[in-house]
Every structure is written in structure tokens, then in C-alpha cells.
Amino acid sequence: MVAGPTATGKSALAVDLAEATGGVVINADSMQVYRELSILTARPGPAALARVPHRLYGVLPAAEPCSAARWRGHALAEIAEALVRGRMPVLVGGTGLYLRALIEGLAEIPPVPEAVRREVAERLAALGGDAFRAELARRDPASAARLAPGDTQRLIRAAEVVEATGRPLGAWQADPGLAPPPGLRFAVTVLLPAREPLYAACEARFAAMMEAGALDEVRALDALRLDPSLPAMKALGVPPLRAHLAGEIDRATAVERAVRETRRYAKRQTTWFRHQLPHGADNVESLEVYDEQYSESLSQAILRKVRKGH
């Protein structure tokens, strides 16, 4: 398992590991699953795809929301298929919830009806973060206490679960749910570079995405007229570029906002991976954290450890 914030070179490292071990790369990024978002999610390009097999990239339309439980089911199927074929499964991504769901298991929360999702999102838009959070506190005080008013995605999730099921999110998460997968052990590698080089990488990568046609990708996504509350419509870069296409802001402002959002996201990911990784899980064989981005020398050092361990 290769994890870490965006723009750290995780995908390149995963390809190196898969190539060296006769493996297959399995996506663990919540946005790279969407078919319509190739450029803005930095999906692996032709060169990487030619080196090793890749799975779970672009497998869902943007109109279908993906969840940790849904991804987990697909990932376990791909892991099983790889093992049957004698290949090493190499999971890679920056979606911490997905990775933790695979290692630790997941609460079996019933699906929330689309009508409830829409109603909750509209209520947040009407009330604003502070008032919405205060309203949530009356039904799910634990979630409201731990979430900031600006954490709209998690506020909506907590509100829609309690609205649809009558039980707070924490109560569902405390249930046994889906157990860790039997028979699997994980060797986890995490890239956590310092903030300044990470931010510089985020900026450089978004500039490259714009050169590669990110605006046209968002234009095509916009043409589908999807519900703006769908996860794919909130992918990094999509909202500001949509605002630019709608004539609300100029291109430079859109790029500036997208880079700022990406930096903030990378900061949140860094915090999560520093404090939320399952250090003590019985099925984690090893956990190696590197305070640098991908480089050939780092890749070779990690490969030597992998070969020694296997």
C-alpha cells in the first residue's frame, strides 16, 4: 500500500513496486475512479499503463457517487484476482478513509436515499455552515462537536445519515460492520514531504493539468448537467474552472483558487496520514513513513526493503 498527500509521486512509486514484484496497481483514490476526470485527477498516463496493469481507474461515471464501502468491495475483488494470477497487489491513493476501510473494516451504514441527500445539501446551502452545524448538534451532538462549520462534506454526511436512519453516524461506526479482510497483511509506505516542496509540486502539477486540457475536461463534464452535489463535481479544480466557464471569474483567478484548494487538501491529507493511520492494526506487517517526495533514489531504497522483506 502506497499512501500520502496529492502530488507526492505515489503513482510513480506504485508502478515501480508493481514492476519490480510482478504486480498490479490498484487505485485507492476517490476521484480517480471517475471516467470523466482523467486530467484533473492525474490518472496514470499511457507510459505507466504500458509498464504494469492498472485497475479501478475510470471505472465509474461521474453521475454515480462512489463510497468507501463500494470501493472496498471492488478493491477486494481486484486483490483476489491479482493473487489468483500470482501478482502482487499494490494499492495506491491519498483517500485515507478508503485505505483505512480496507485495513480495519467498515461500518455497514445503510444507503441514504437521493432525496434525503439533496434535501440536506439544500438545507446547508440555505442555512450556512454555522447554523447547519447548530441544527445537527440537536440530533448528533458528537459529530457536530468534532466538525468545523466549513467542513461541509462531513457535516452533510453526518446530517444525512441521522436523517435517513434515525441514528447518529458515530453509533453506526461503533457497530462491528465489515470486518478486516481475512488472510491479508499490508506493508504500508507513506510519503509525507515537507510543506513547501509539497505546495510547489501542487502548483506545478496544476499548471501542467491546464496545459494538458483541464478546462476542456471540465467543459465536457459541465455538458452532462450533473447534480453539483455529486462527488465528481467537487473534485479539486472543478468548481473554480466551472465558475470560469460560467463567466463568473477570469482564468487566472480560477487557477489561483484551484491551487489554493489543492494546497489546503494536501495539508489536510498530511495531517490525516500523520495521525490516523492504523499503526497498531494486527494485519499491518510494516509501516514506513518517508519525509520526502518520490525520486528514483527513494524508489530504489524502498524496492531494496521490499525485496528483503519478501
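**Inside the fold: a cavity, two cores and a buried strand**

The largest cavity holds about 30 Å³ of space. The model here is a predicted one, and searching the whole structure turns up 1 cavity of 30 Å³ or more. Its walls come from Val33, Leu56, Val59, Leu60, Cys66, Trp71 and His74. Sorted by type, that lining has 6 nonpolar residues, 1 polar and no charged.

Trp71 also turns up in the largest nonpolar core, a set of 52 residues, where it is listed with Met1, Leu40, Leu91, Phe206, Leu241 and Phe273 as having the most contacts inside the core. Plenty of elements chip in: α3 (68-84), α4 (96-104), β5 (186-191), α10 (195-212), α11 (214-223), α12 (238-245) and α13 (251-275) each give at least two residues to this core. A second core, separate from that one, has 17 residues, including Val2, Val25, Val90 and Leu298. As for Met1, leaving aside residues up to four places away in sequence, it touches Leu91, Leu99, Leu102, Ile103, Phe186, Ala187, Val188 and Thr189.

Next comes strand β4. This strand (residues 89-93) is largely enclosed by the rest of the structure, because 5 of its 5 residues are buried. Both of its faces are covered, with Pro89, Leu91 and Gly93 buried on one side and Val90 and Val92 buried on the other. Strand β1 (residues 2-3) runs parallel to β4 and is joined to it by 2 bridges, with Ala3 standing opposite Gly93. Strand β2 (residues 24-27) is parallel to β4 too, through 4 bridges, and there Asn27 sits opposite Val92.

Technical notes. Residues numbered from 1 in each chain as written. Predicted model: local features only at pLDDT ≥ 70, side-chain atom pairs only at ≥ 80, totals over all residues. Heavy atoms only, no water. Core = buried A, V, L, I, M, F, W, Y, C linked by side-chain atoms within 4.5 Å. Buried < 20%, exposed > 50% of the residue type's maximum accessible area, 1.4 Å probe, protein only. Contact = heavy atoms within 4.5 Å. 1 Å grid on protein atoms, 1.4 Å probe; cavity = no way out; pocket = protein on both sides within 12 Å on 5 of 7 lines; lining within 4 Å. Points joined across faces, edges and corners; volume = space filled by probe spheres on them. Nonpolar A, V, L, I, M, F, W, Y, C, P; charged D, E, K, R; others polar. Pairing = 2+ DSSP bridges.
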